[in-house]
Amino acid sequence: MGNSPAVAIARPRTLRLTADAIRILALGSVAYVLINGHDGAVILTLLFLALLVPRLTRLPALVDLLLCAALTWAAWSSVFQWYRVTDWYDTAVHSVTPGTVAATLHLLLARWRLLPSPSDRTLRHASVPLITTALGATVASLWEMYEWLATDVLDAQVRVGYEDTIADMAAGVAGSLAAGLILARRAAHASPEPSGTDDPPPAGRPPS
C-alpha cells in the first residue's frame, strides 16, 4: 500500500520542526556561553543567523535539517573544542560539513539561476558531482583561511599546521564529492519541482 497524503505531508513538516528545534538550541547556546563567560558568542551568533538561510529561502525540509545539524555540530565542536577528543573527529567534521554546505549552495544557486539545476536532464552525468565538489573545495578553503586568521591574527587556540590543513581540505573535497554523487542520484530519481520546496501546500489548496 502507498503512503497516505497525511503521512506524506507529515514527513517534511516533522523534518522542518526538527530543524527549527536545532535553531532554538543554537540560539540557546549563545546565551549559555554569555552567561558562563565562555568564548565563542560571536561564532554561535553567526551560526544562528546562518541557520535562518534555509528557512527563509524555503529549501527542501531534508536539506534544511541536514544543514542545521552539520553547521551546529561544526560550530559546537569548534567552540567547545570537541575536536580534541580523538584524531578522527576533526576529519569527520571537515568532511561532513563542507559536503552538506556544498550541496545546499548548489541547490540555492540553482534556485537563483546562477548554476544549472541538478535535475537538468541536459547535463552530463558527471556535472552535478563536479559542481558540488568545486563548491565544497571553496568552502573548505575558506574554512582553513578562517582558522589561519583566528590563530595568527586573533590569537585563538586552534590546532593548525601544514599537515592538518591539507588533511582538512582533502576531507572537505572528499565529503563534497560524496554529497555531489548523492545529489545527482536523488535528482535523477526525482520529478522536477518548480517551487524547489517539499513543504505541504497551504490548507484548502490542492497540491500543484
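This passage describes how the helices of a predicted model are arranged and how a few of its residues are placed.

The chain contains six helices and zero strands, and from the N terminus on its elements run α-α-α-α-α-α. Of its 208 residues, 38% count as buried. Contacts between residues at least 6 apart in sequence were also sorted by separation, and 73% of them join residues at least 24 apart.

Helix 3 is a convenient place to begin. This helix covers residues 61–79, 19 residues in total, and its first and last C-alpha atoms are 27 Å apart, close to the 27 Å expected at 1.5 Å a residue. Burial was counted residue by residue along helix 3: 14 of the 19 residues are buried, so the helix is largely enclosed by the rest of the structure. Two of its partners, helix 2 and helix 4, are taken in turn below.

The axes of helix 2 and helix 3 come within 9 Å and cross at roughly 175°. An angle over 145 degrees counts as roughly antiparallel, and helix 2 and helix 3 are therefore roughly antiparallel to each other. On the helix 2 side, the contact is formed by Ile43, Leu44, Leu47, Ala50, Leu51, Pro54 and Arg55; these meet Asp64, Leu67, Cys68, Leu71, Thr72, Ala75, Trp76, Ser78 and Val79 of helix 3. By class, the residues of this contact divide into twelve nonpolar, two polar and two charged.

The pairing of helix 3 with helix 4 also has axes that come within 9 Å, here with a crossing angle of roughly 145°. The crossing of these two helices is left-handed. Helix 3 contributes Val63, Leu66, Leu67, Ala70, Leu71, Trp73, Ala74 and Ser77, which meet Tyr89, Ala92, Val93, Val96, Thr97, Thr100, Val101, Thr104 and Leu107 in helix 4. The residues of the contact comprise 13 nonpolar, four polar and no charged. Spacings of this kind can be read against helix geometry: an α-helix has 3.6 residues a turn, so residues three or four places apart point the same way.

One residue of this contact, Thr104, deserves a closer look. Thr104 lies in helix 4 and, at 7% relative accessibility, counts as buried because the cut-off is 20%. With neighbours within four places in sequence set aside, Thr104 is in contact with Leu59, Val63 and Leu67.

Helix 4, residues 87–111, also meets helix 6, residues 162–189; their axes come within 7 Å and cross at roughly 45°. Helix 4 and helix 6 are therefore oblique to each other, and helix 4 passes helix 6 in a right-handed crossing. From helix 4, the contact draws on Asp90, Thr91, His94, Ser95, Pro98, Gly99, Ala102, Ala103, His106 and Leu107, while helix 6 supplies Asp164, Asp168, Ala171, Gly172, Gly175, Ser176, Ala179 and Leu183. Sorted by class, this contact has seven nonpolar, eight polar and three charged residues.

Ala103 offers a view of this contact from a single position. Ala103 lies in helix 4 and, with 14% relative accessibility, counts as buried. Beyond residues up to four places away in sequence, Ala103 touches Thr132, Ala179 and Leu183. Ala103 and Ile131 are 28 residues apart in sequence, and their C-alpha atoms are 9.2 Å apart in space.

The loops on either side of helix 3 round off the description. Most residues other than glycine have a negative phi. Against that background, two loop residues can be picked out. Arg58, although not a glycine, has a positive phi of about 55°; its place is in the loop between helix 2 (41–56) and helix 3. At 40% relative accessibility, Arg58 counts as partly exposed. Gln81 is likewise not a glycine and has a positive phi of about 55°. Gln81 comes just after helix 3, in the loop between helix 3 and helix 4, and is partly exposed, with a relative accessible area of 34%.

Terms used. Residues numbered from 1 in each chain as written. Predicted model: local features only at pLDDT ≥ 70, side-chain atom pairs only at ≥ 80, totals over all residues. Heavy atoms only, no water. Axes fitted to C-alpha atoms, helices over the stretch in contact; angles between N-to-C directions. Helix = DSSP H or I, 4+ residues; strand = E, 2+ residues; numbered from the N terminus. Parallel < 35°, antiparallel > 145°, perpendicular 65-115°, else oblique. Left-handed = near helix turned anticlockwise from the far one by under 90°. Contact = heavy atoms within 4.5 Å. Nonpolar A, V, L, I, M, F, W, Y, C, P; charged D, E, K, R; others polar. Expected span 1.5 Å × (residues − 1). Buried < 20%, exposed > 50% of the residue type's maximum accessible area, 1.4 Å probe, protein only.
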